[in-house]
Amino acid sequence: MYIYELTSVNEPVFLELQQINLRLAQRVECNMPVHFQMIKGKKISSQVYEGIVGNFSCSGMKIKTELQMEAHREIRLHVTLSLFSKETAYIYAKVLLSEKTSDGFYETRLEYTVIDDKTQAALQAYVTSVV
């Protein structure tokens, strides 16, 4: 066993970290309705909730709802692939954060967890055309 004697201490030096852009993809501002269902374990709830999409990207979206959701909760979103089409697809997403806004609604940030290739391509094409 070694014993060391502390002989001096220097002033602490503060390091400044380079800022990193946390956005994974470009976001598109919008104001369109969305329907979603909660997932508990491996079961999808039969109750359908409504919200408004504030913005979205190829990796996630921000929605406004009357419902507060806890972080890491899984949900299934119902999305329409085209404005003039009745064809819908499902996107599975995880709640990152849900915060109450001044108007009494909850702004919820979502990250996609499962999205099929056709839906991903449609989102990518739309985001690219707008940005």
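The questions and answers below walk through a predicted model, from its helix to its strands and a few single residues.

Reader: Let's start with helix H1. How many residues does H1 have, and what distance does H1 reach from its first C-alpha to its last?
Author: Helix H1 runs over residues 117-130. At 1.5 Å a residue, the expected reach is 20 Å, and the helix comes close to that. So the answer, with the rise per residue in mind, is 14 residues and 20 Å.

Reader: Which residues of H1 are buried?
Author: An α-helix has 3.6 residues a turn, so residues three or four places apart point the same way. In H1 the buried residues are Thr119, Leu123 and Val127. They cover an arc of only 65 degrees around the axis, which puts them on the same side of H1. The names you asked for are therefore Thr119, Leu123 and Val127, each under 20% relative accessible area.

Reader: And which residues are exposed on the other side of H1?
Author: Exposed here stands for over 50% relative accessible area. On the side of H1 away from the buried residues, that label goes to Asp117, Lys118, Thr128 and Ser129.

Reader: What covers the buried residues of H1?
Author: Several strands take part in the cover. Take Thr119 in helix H1 as an example: its contacts, leaving out residues up to four places away in sequence, are Val79, Leu81, Ala89 and Ile91. Thr119 has a relative accessible area of 1%, which is why it counts as buried. For H1 as a whole, the cover includes strands S1, S3, S5, S6 and S7.

Reader: Which residue caps the N-terminal end of H1?
Author: Look for a side-chain oxygen beside the backbone nitrogen of Lys118. The two atoms lie 3.1 Å apart, and the oxygen belongs to Asp116.

Reader: Now the strands. How many bridges join S4 to S7?
Author: Strand S4 covers residues 60-65 and runs antiparallel to S7. Along this pairing, Gly60 stands opposite Glu111, while Lys64 stands opposite Glu107. The number of bridges between S4 and S7 is 6.

Reader: S3 and S4 pair too, so in which sense, and over how many bridges?
Author: A hairpin with 3 residues joins S3 to S4. Within the pair, Asn55 stands opposite Lys62. The sense is antiparallel, and the count of bridges is 4.

Reader: In the hairpin of S6 and S7, which residue takes a positive phi?
Author: S6 and S7 run antiparallel and are joined by 9 bridges, with Ala93 opposite Tyr112. Between the strands the hairpin has 5 residues. The positive phi, near 90 degrees, is that of Gly104.

Reader: Where does His72, which is not a glycine, lie, and what is its phi?
Author: His72 is in the loop between S4 and S5. Its relative accessibility is 62%, which is why it counts as exposed. Its phi is positive, at about 75 degrees.

Reader: How many aromatic pairs does a search of the whole structure find?
Author: The search covers the whole structure, and its result is 2.

Reader: Why is the pair of Phe36 and Tyr49 stacked?
Author: The ring centres of Phe36 and Tyr49 are 5.6 Å apart. Phe36 lies in strand S1 and Tyr49 in strand S3, so the pair ties together parts that are 13 residues apart in sequence. Phe36 is buried at 0% relative accessible area, whereas Tyr49 is partly exposed at 21%. The pair counts as stacked because planes under 30 degrees apart get that label, and here the angle is 25 degrees.

Reader: What about Phe56 and Tyr126: how many residues apart in sequence are the parts that this pair ties together?
Author: The rings of Phe56 and Tyr126 have centres 5.8 Å apart and planes at 20 degrees, so the pair is stacked. Phe56 is buried at 5% relative accessible area, and Tyr126 is partly exposed at 44%. Phe56 lies in strand S3 and Tyr126 in helix H1, so the parts tied together are 70 residues apart.

Reader: Last one: which backbone oxygen lies 2.7 Å from a polar side-chain atom of Thr65?
Author: Thr65 is found in strand S4 and is buried, with a relative accessible area of 1%. Beyond its neighbours within four places in sequence, its contacts include Phe36, Glu50 and Tyr106. The C-alpha atoms of Thr65 and Gly51 are separated by 4.6 Å, although the two residues are 14 residues apart along the chain. The backbone oxygen you asked about belongs to Leu67.

Note on methods. Residues are numbered from 1 along each chain as its sequence is written. This is a predicted model: local features need pLDDT of at least 70, side-chain atom pairs count only at pLDDT 80 or more; totals for chains, interfaces and linings use all residues. Side-chain values use heavy atoms; hydrogens and water are left out. Buried means under 20% relative accessible area, exposed over 50%, partly exposed in between (1.4 Å probe, protein chains only). The arc is that of the directions from the helix axis to the C-beta atoms. Contact means heavy atoms within 4.5 Å. A polar contact is a pair of N or O atoms within 3.5 Å; within protein, one must be able to donate a hydrogen and the other to accept it, and residues adjacent in sequence count only if both atoms are side-chain atoms. Two strands pair if DSSP finds at least two bridges between them. Rings of Phe, Tyr and Trp (its six-membered ring) pair if their centres lie within 6.5 Å; planes under 30 degrees apart count as stacked, over 60 as edge-to-face and the rest as tilted.
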